[in-house]
Amino acid sequence: LLEQLLPMPGLLRWRKKNADFLGDITDWKELLKKIGEMAETKAYGDLGIDFCRGICQSHQLHQKFWKLVDPARKIPPPKLFKMFLKVRGNVGPVGDFPIHMCVLRGHINLFEYIVNTMPDEQLRLEINREYESDLSPWKKLVGVQMDAGLYTGETLLHLTIGLQLEHVVKLLLARGARLNSSATGMFFQPRWIPSKPSCLMSCRRYEFNKYSRCYYGQLPLSFAASVGNLAICDLLFERASDDRGGNEVRLLRFLHCTDHMGNTAMHMAVLHRQAHVIQWLMDKERNLSEKIPPDARHCARLRRRRSLCRRRAGGVSVGGSQEGGDDGDTSLSSCSSDGDEGPG
């Protein structure tokens with residue numbers, strides 16, 4: 001991302017300008033120690049977000065495990081697995097964990113070896129690890145207000161859906177990947193995000209998000225709708241059906257889950273012009289709605305109105321207005337990404 005934000009000549013100038021800070025340090029652990037010492041002595045005072053984020057990005061490629069999981073090196077998975085067990089809890093420069101590097105570097109053989117070797121409880125913990133904020137180590141040094149982090153909340157399920165690795169998605173779902181994980185980092189937010197109003201009477205204002213690269217709705221189903229992969233959509237729906245016991249009301253809530261901006265998978269399919277996904281979502285909703293008694297539909301509309309009232313002061317939809325409304329159809333309530341119970 002740093003090379004996208006700063007073209008190559010600009011990147012070289014940036015590295016030269018900050019050579020006094022970087023020095024000869026290429027190991028992330030050594031840099032973390034230096035950051036801690038600076039926080040105690042306040043040697044650098046307040047640092048900007050771009051400065052800190054740029055240093056994290058530049059150290060990402062120097063990690064030892066990052067270099068080892070390069071498929072071109074052809075290191076056997078059993079040998080890499082021993083290394084993985086030693087470093088699996090270490091947080092990388094951009095908030096990543098070693099389990100994420102296996103997929104990012106395209107070392108699917110190592111990932112499958114990890115899945116087939118680790119016990120179920122430990123494996124479920126690993127595959128559901130979320131990216132942490134890349135600015136966490138800099139919290140005491142950053143004088144300005146911190147943002148949400150770059151890739152915060154991203155899991156292996158988000159990664160594999162974005163890369164459209166259907167067989168890996170199926171493997172993750174079979175081993176307990178969560179369906180309600182939300183990728184809330186700046187990388188996954190829209191170009192324009194609403195800022196918090198200074199007072200109750202002030203107008204809503206928007207801030208430009210220069211780190212935005214793929215606003216896919218933050219939830220796994222929204223990611224699948226954005227990339228237009230119906231096979232992955234079917235896998236996610238089947239897993240949701242198993243988790244919810246085939247309950248039609250809860251399955252409709254799953255289809256209508258919203259991100260923090262109030263957008264659903266349908267919004268994402270429209271935004272990214274995935275007509276076949278729009279048809280798939282409409283068919284699923286129609287089939288589920290026909291099986292729901294009228295009384296349940298009426299109660300669902302009431303819940304929908306209450307949900308919209310609670311979000312009135314919060315996010316906005318793709319079109320710039322609150323999502324939904326009582327339009328007389330049979331669709332059920334939208335819910336936030338963490339509003340539905342259960343592991344899915």
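This is a short chat about a predicted model.

Colleague: Hi! What should I know before I look?

Modeller: The model is predicted, so local features need pLDDT of at least 70 and side-chain atom pairs count only at pLDDT 80 or more, while totals for chains, interfaces and linings use all residues. Residues are numbered from 1 along each chain as its sequence is written, and side-chain values use heavy atoms, with hydrogens and water left out.

Colleague: Cool. Which residues form a nonpolar patch on the surface?

Modeller: Trp192, Tyr206 and Phe208 do, with about 360 Å² of accessible area together. Nonpolar side chains (Val, Leu, Ile, Met, Phe, Trp, Tyr) are joined within 5 Å, and like charges within 9 Å, if the residues have over 30% relative accessible area and no salt bridge. A salt bridge is a Lys or Arg side-chain nitrogen within 4 Å of a carboxyl oxygen of Asp or Glu. Areas come from the Shrake-Rupley method with a 1.4 Å probe, and for residues only the protein chains shown count as cover.

Colleague: Where is Phe208?

Modeller: Phe208 sits in strand S2, residues 206-208. Strands (E, at least two residues) and helices (H or I, at least four) are DSSP runs, numbered from the N terminus.

Colleague: New topic: how many disulfides are there?

Modeller: The search of the whole structure finds 0; a pair needs cysteine sulfur atoms within 2.5 Å.

Colleague: And Gln218, buried or exposed?

Modeller: Gln218 is buried, at 1% relative accessibility. Buried means under 20%, exposed over 50%, and partly exposed in between (1.4 Å probe, protein chains only). Its phi is near 75 degrees, a positive value in a residue other than glycine.

Colleague: What about Arg273?

Modeller: Arg273 is exposed, at 75%, and lies in the loop between helix H16 (265-271) and helix H17 (275-290).
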